[in-house]
Amino acid sequence: MRDPDHALALPRREAGVDAVLREIGDWLMRNQRAIRATQWIVVVAYLALLVAPTLLPLPSRTAHLWTNLTLFAQFVFWGLWWPFVLLSTVLVGRMWCGLLCPEGAITEAVSQHSRGLAIPRWMRWKGWPFVAFAATTIYGQMISVYQYPKPALVILGFSTVAAIATALLWGRNKRVWCRFLCPVTGVFAVLAKLAPLHFRVDSQAWDSWRKPHPRGPAQLVNCAPLVPIRTMKGGSACHMCGRCSGYRGAVTLARRSPNHEIVHVAGSDPRPMETMLILFGLLGIAAAAFHWSGSAIYVEVKQTLAEWLVDHGVMWPLETVAPWWILTNYPDLNDVMTLLDGAVLLGYILVMAIGAGGAVAACVALSTRLLGRWSSARFHHLVQSLIPLAACGVFLGLSMTTVSLLRNDGIVFSLIGPLRAAMLIGAGVWSLWLGWQIAGLYGSAARRVVALLPLIVAVAASGAVWARLFWSL
């Protein structure tokens, strides 16, 4: 039986999908113990796959996924976990964060013993998600995080240790790290805006609710990621854990249009740092991180600089190497980065990110101006229309590891090329449709048509960046 302090009966009977979703949400609310037990199973598997491969020799060229723990862990982390967690966020919101994420589970458990200090102002800075994502992505490329187990331990392990330290200091029984500092919280928040599922909050029902038992204690909800439930309009911050389902008869797991939050919610809450993350993070840094290893420009610049250094008798940038946790250094596998390699890599990613992101930003800015007088809020809103394309590009980029590892074991997907093309085209069309809907909120029909033209250029250019990656291999 449901706790009467936690939920009230609906005024009308629901049927079909809506009823099923409501029951799923309520099931999550009633089964938090089972969810926590599942989270700890994931934690154990996560730690085992993260630590064990670092104690083993690197796999030989004849090793297979099903016979080598290191390759298996690599496939789990970079071939399954990352790409399909991102995909799940687009499909069902941040359920990974609320139901399965090992780092989130560890953080919340440790925070039970927290000092409970007030969250400092510096931690609330809205730029941390972008900075953390950019730094982690670039550093991961410098140490070849997708290829070797020790770099994976450094990056993922450091994040977990930092999350534990944060939990011990701030926010008792909360996920302060997840809300403010996690390197991927910004990405998840952006992608979750596309999810057709969310926990809908009826503020009117919330305000009119009366506790059934005035003398009894009210049932409280611990929202670990610190979301103000009553005023929650979208799903970008919600971890979809289900704890608040049915609370005050106002919170329900429900369906919605995948376009709703971007078109009708994002405009009322402009977020410049989300704009930075979309333009220069997902469409810039992430794309460059996947591009550089197969880029002729990267090779040409490196060779040109090497020749200049040799001609001028400056040899140390070509000969000096760094420890593996600074730059890739595996001489036994002929995989070593010199200081020159690292400098060119860093420069390539930054220049491409600024160039690609800046070009798209200029197109969106022109669209903004064509809709009327300049408005930064309108600019930030239009940038949100690029989320489907950004999400698709990053998913396809990460899935390259999936395809490569399976191909090395003789598993080949003949339709991978057409599937990638279809996904990119579909994502581009979706972004343009969102842009068209957003433009309709700000300008006349004629302005709307004209303003869409620069947005078409932005989508085509971003799509071409990702297409160049897949069809240049």
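Leu55 sits in the loop that links helix H2 (32–51) to helix H3 (69–92), and this is a good place to begin a tour of what is a predicted model. With a relative accessibility of 68%, Leu55 is classed as exposed, because the cut-off for that class is over 50%. Leu55 also has company: together with Val51, Leu56, Leu69 and Phe72 it makes a nonpolar surface patch of about 440 Å².

From the patch, let us turn to how H2 packs. Its partner is helix H5 (residues 102–110), and the axes of the two helices are 8 Å apart, at an angle of about 115°. H2 is therefore roughly perpendicular to H5, since angles from 65 to 115 degrees fall in that class. As for handedness, the crossing of H2 past H5 is left-handed.

Next come some loop residues worth a look if you check backbone torsions. Which residue in the loop between helix H7 (149–169) and helix H8 (176–180) deserves a click? It is Asn173. Its phi is near 60°, a positive value in a residue that is not glycine. Arg248 is another non-glycine residue with a positive phi, near 55° in this case. You will find Arg248 in the loop between helix H10 (203–208) and strand S2 (251–255).

Here are three loop residues side by side, with their accessibility.

| Residue | Loop between | Relative accessibility |
|---|---|---|
| Asn173 | H7 and H8 | 32%, partly exposed |
| Arg248 | H10 and S2 | 23%, partly exposed |
| Ser257 | S2 and H11 | 36%, partly exposed |

Ser257 follows on from S2, in the loop between that strand and helix H11 (260–265). Is Ser257 buried, exposed or partly exposed? At 36% it counts as partly exposed, because this value lies between the 20% and 50% cut-offs. How far apart in space are Ser257 and Ala195? Their C-alpha atoms are 8.2 Å apart, while 62 residues separate the pair in sequence.

A helix residue rounds off the tour. Ala162 belongs to helix H7. Its relative accessible area is 17%, so Ala162 is buried, the limit being under 20%. Between the C-alpha atoms of Ala162 and Met276 there are 24 Å, and the two residues are 114 positions apart along the chain.

Methods:
Residues numbered from 1 in each chain as written. Predicted model: local features only at pLDDT ≥ 70, side-chain atom pairs only at ≥ 80, totals over all residues. Heavy atoms only, no water. Patch = residues over 30% accessible without salt bridge, like charges linked within 9 Å, V, L, I, M, F, W, Y side chains within 5 Å. Areas by Shrake-Rupley, 256 points an atom, 1.4 Å probe, with all protein chains shown as cover. Salt bridge = Lys/Arg side-chain N within 4 Å of Asp/Glu carboxyl O. Helix = DSSP H or I, 4+ residues; strand = E, 2+ residues; numbered from the N terminus. Buried < 20%, exposed > 50% of the residue type's maximum accessible area, 1.4 Å probe, protein only. Axes fitted to C-alpha atoms, helices over the stretch in contact; angles between N-to-C directions. Parallel < 35°, antiparallel > 145°, perpendicular 65-115°, else oblique. Left-handed = near helix turned anticlockwise from the far one by under 90°.
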